[in-house]
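I opened this entry to record what I looked up, in the order in which I looked it up. Confidence comes before the fold.

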Amino acid sequence: MPFASMVRHVVALERWALPAECLLCREAMPAIAAEELVCPLCRSRWRRIPEPLCPRCGQPVMREVGCRICPDWPDGLLGVRSAVWLDGNARELVHRLKYEGWWRAADAMACTMRDLTSLSPPGLLVPLPLSAKRLKERGYNQAERIASALGRLRGWSVRPEALVRRRDTRTQTALTPEERRANVEGAFGARGVRGQRVVVVDDVFTTGATLVSAAMALREAGAKVVEAVTFARAVLPVR
């Protein structure tokens, strides 16, 4: 069964078996949003990333100070854009998607991401792959679910096989930026993207180390341009 048809069947089954309530606040969903998992009020609480943005990594910057994230990035990743800050119930939604099996939460994320500037002009959507161990633990790749939802919204091709993990990496959460770069260096391989514009999809942007490593693999495989989009962006401490 095609994935889009499977999603429609899952939604129909949910609505037959369960009341239409928001995944985050548990309030009843309005009739106009009955097929969604997140109500309009909860979505309105997500904090959009404010401009001006660094043209490359998408981090908000003060014009007179400049960016402190991407000056040392190697060539390969042209630009990154994120939809919202990773705080409040946006963080909760990411947790539900990654660790609690609510894979249709990706639909709400994709709706919020659909107008990010890195999604124009059209290209191939390539989800960031999980390690085999994490994929087995979760049962699905959250980045692939987001990419699939974006593909349905934008009419783009989704190519999960274009990017593969060559080796497992340590969890990035507790690592410094320098340790993150070393951890993911050479971790990816790519294929089937020669001459293509590629947009890598992930759930959260922190330092960009993983996206940079993936972009380098895609460029080595012949991708013409590589950009990236994420649903959320970690709030970095002030230094």
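What pLDDT does the chain average, and what share of the residues score at least 70? The model is a predicted one, and I noted that the chain averages a pLDDT of 86, with 80% of the residues at 70 or above. I then looked up where confidence is lowest and highest, and found the lowest mean, 56, in helix α1 (residues 3-17) and the highest, 98, in strand β2 (residues 124-127).

Next I turned to strand β6 (residues 225-233), and I recorded that eight of its nine residues are buried, which leaves the strand mostly covered. I looked up its pairings and found that strand β1 (residues 79-85) runs parallel to β6 and is joined to it by six bridges, Val84 having Ala232 as its bridge partner in β6. Strand β5 (residues 197-205) is also parallel to β6, with eight bridges between them, and here Phe205 has Arg233 as its partner in β6.

I then followed the chain from β5 to β6, and noted that these strands and helix α8 (residues 209-220) make a right-handed β-α-β unit. Helix α8 has 12 residues and spans 17 Å from its first C-alpha to its last, close to the 16 Å expected at 1.5 Å a residue. Nine of those 12 residues are buried, among them Leu211, Val212 and Leu218. Just after α8, I found Gly222 with a positive phi of about 105°.

Is helix α4 (residues 105-113) largely enclosed or largely open? I wrote down that it is largely enclosed by the rest of the structure, because eight of its nine residues are buried; the buried residues include Ala105, Asp107, Met109 and Met113.

Lastly I looked up the nonpolar packing. The largest nonpolar core has 38 residues, of which Val38, Trp46, Leu93, Met113, Leu150 and Phe231 touch the most other members. β1, α3 (88-99), α4, α6 (142-154), β5 and β6 each supply at least two residues of this core, and α4 gives the most to it, with six. For Phe231, leaving aside its neighbours within four places in sequence, I listed contacts that include Trp46, Leu93, Met109 and Met113, and also Ser82, Thr112, Asp202 and Asp203. Apart from this core I found another, of 30 residues, among them Cys70, Val80, Val193 and Val226.

Definitions and conventions. Residues are numbered from 1 along each chain as its sequence is written. This is a predicted model: local features need pLDDT of at least 70, side-chain atom pairs count only at pLDDT 80 or more; totals for chains, interfaces and linings use all residues. Side-chain values use heavy atoms; hydrogens and water are left out. pLDDT is the predictor's confidence in each residue, from 0 to 100. Helices (H or I, at least four residues) and strands (E, at least two) are DSSP runs, numbered from the N terminus. Buried means under 20% relative accessible area, exposed over 50%, partly exposed in between (1.4 Å probe, protein chains only). Two strands pair if DSSP finds at least two bridges between them. A crossover is right-handed if, with the strands pointing away from the viewer, the path from the first strand over the helix to the second runs clockwise. The expected span of a helix is 1.5 Å times one less than its number of residues. A nonpolar core is a set of buried Ala, Val, Leu, Ile, Met, Phe, Trp, Tyr and Cys residues joined through side-chain atoms within 4.5 Å. Contact means heavy atoms within 4.5 Å.
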